[in-house]
Amino acid sequence: MGSELAANNHRRLLRLRCSVQHYDWGRVGPESLVGRLSAFNSRSEIQPDKPYAELWMGVHDSGPSFVVSGDDNGESSLKDWIAQNPAALGHKVFTNWGPHLPFLFKILSVAKALSIQAHPDKELAKQLHKSHPIAYKDDNHKPEMALALSEFHALCGFISLQELKDMLQNTPEIKEVVNAEDANQLLQVNDEQNDGGLEIKSRLKSIFTRLMSASKEAAAESASNLKNRLQRESQGRELTEKENLVLQLEKQYPGDVGVIAALFLNYVKLKPGQALYIGANEPHAYVAGECIEVMATSDNVVRAGLTPKYRDVGTLCSMLTYKQVNPFYCILSFPKTAESCHFLFS
């Protein structure tokens, strides 16, 4: 097989028919890049009132691609084609992953925020798939990188300790749904103490878990109170970007606990060409814009807010690293070599 791979210098382009996901957060009709690409790819008309959220290129069962024959009279799945033509993967990929495509390539058109979510590492992915195969459809991890095609807004990672303290002091609605003692103890934490940030992570985990585990009624009341206060204050002062985001999210998902949870996360805006890397067990949510996304071949998503889909609050809150991330380091330059991306799939 090695000599066959090495000798495979002749390559040809194959046309793929790609799968489309019509999630309700997608841009609608011709306003969606995914919709326009899908229409071109499938040689069909765009449905003007239908959301076009994601275009998938890969072999995952939730959205497989198909190799179209030259005469358009037949097609086979990309997974089957690769199994029959493993040399097309190249020597390095075949050596590491065998006759399997290790990544999934997507294009996203985001009109409203996706869920507050995280993706499991490999060990947790295996456990989740075994115990809940309907919700978690495979046993692989899902680290991912998003490359902005337009201005792209996202939430990623927890804000700094000082920002947390300021937020707790200036957002009384949070104390309506979390334990006041936990909040007060976090306010007393010194970020210079020599424990590797363990106490900060412990306090943050306790507060965030209580928030995400709040009853629907308590979360809805708190989100409504937050919205009403910000609307009143906007009459006398200019709201911050994060506060305007809260109002946007509350309009999209009224009364959702994710509206409040967004205050705990960094809010970043990518320019076209900038990239965002999301590792395993890190909280994030895409908010608006269009991007290219590449990830390990998986569809495992643990959700807990801003979604009508299945929420696994206990798993999400227990799996997070609770690392605090400087948003400057969330934004990356796109890797120049394939070797730079190896860590995504290994």
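Q: Two strands count as paired if DSSP finds at least two bridges between them. By that rule, what makes strand β6 a partner of β7?
A: This is a predicted model, and in it three bridges join β6 (residues 66–68) to β7. The rule asks for at least two, so the pair qualifies, and the two strands run antiparallel. One residue match to look at is Val67, whose bridge partner in β7 is Ser76.

Q: Why do β1 and β7 count as edge strands?
A: The open sheet here has three strands in the order β1-β6-β7, paired antiparallel. β1 (15–17) and β7 (75–77) each have a single partner strand, so one side of each is left without a neighbour in the sheet. Neighbouring strands of this sheet are turned by 35° against each other on average, ignoring direction.

Q: What holds strands of a sheet together in general?
A: They pair through backbone hydrogen bonds, either parallel or antiparallel.

Q: Why is strand β14 described as largely enclosed?
A: Buried means under 20% relative accessible area. In β14 (residues 284–296), 12 of the 13 residues are buried, so the rest of the structure largely encloses this strand.

Q: How do you know which strands pair with β14?
A: Count the bridges against the minimum of two. β8 (residues 103–110) pairs with β14 in the antiparallel sense over eight bridges, and Phe103 has Ala296 as its bridge partner in β14. β10 (residues 144–148) is joined to β14 by five bridges, again antiparallel, with Ala148 opposite Cys291. For β11 (residues 152–158) there are four bridges to β14, also antiparallel, and His153 stands opposite Ala288.

Q: Why are helices α7 and α8 called roughly parallel or roughly antiparallel?
A: Their axes are 9 Å apart and the helices pack at an angle of about 150°. Angles over 145 degrees count as roughly antiparallel, so α7 and α8 get that label. Their crossing is left-handed.

Q: What makes up the contact between α7 and α8?
A: From α7 (residues 180–188) come Asp182, Ala183, Gln185 and Leu186, and they meet Arg203, Leu204, Ser206, Ile207 and Arg210 in α8. Sorted by class, that contact has four nonpolar, two polar and three charged residues.

Q: Why are α9 and α10 called oblique?
A: The axes of α9 (residues 216–233) and α10 (residues 241–252) come within 10 Å and cross at roughly 130°. The roughly perpendicular range is 65 to 115 degrees and roughly antiparallel needs over 145. An angle of roughly 130° fits neither, so α9 and α10 are oblique to each other.

Q: Which residues does α9 bring to α10, and what meets them there?
A: Ala223, Leu226, Lys227, Leu230 and Gln231 in α9 meet Glu243, Val246, Leu247 and Glu250 in α10. The residues of this contact split into five nonpolar, one polar and three charged. As for handedness, α9 passes α10 in a left-handed crossing.

Q: Is Gly63 buried or exposed, and how do you know?
A: Its relative accessibility is 2%, and the cut-off for buried is under 20%, so Gly63 counts as buried. Gly63 sits in the loop between β5 (54–57) and β6.

Q: What is Gly63 in contact with, apart from its neighbours within four places in sequence?
A: Ser19, Gln21, Trp56 and Gly58 are its contacts. As for Cys18, its C-alpha is 7.8 Å from that of Gly63, although 45 residues separate the two in sequence.

How values were computed
Residues are numbered from 1 along each chain as its sequence is written. This is a predicted model: local features need pLDDT of at least 70, side-chain atom pairs count only at pLDDT 80 or more; totals for chains, interfaces and linings use all residues. Side-chain values use heavy atoms; hydrogens and water are left out. Axes are lines fitted to C-alpha atoms, for helices over the stretch in contact, and angles run from 0 to 180 degrees between N-to-C directions. Angles under 35 degrees count as roughly parallel, over 145 as roughly antiparallel, 65 to 115 as roughly perpendicular and the rest as oblique. A crossing is left-handed if the near helix is turned anticlockwise from the far one by less than a right angle, and right-handed if clockwise. Contact means heavy atoms within 4.5 Å. Ala, Val, Leu, Ile, Met, Phe, Trp, Tyr, Cys and Pro count as nonpolar, Asp, Glu, Lys and Arg as charged, and the others, Gly among them, as polar. Buried means under 20% relative accessible area, exposed over 50%, partly exposed in between (1.4 Å probe, protein chains only).
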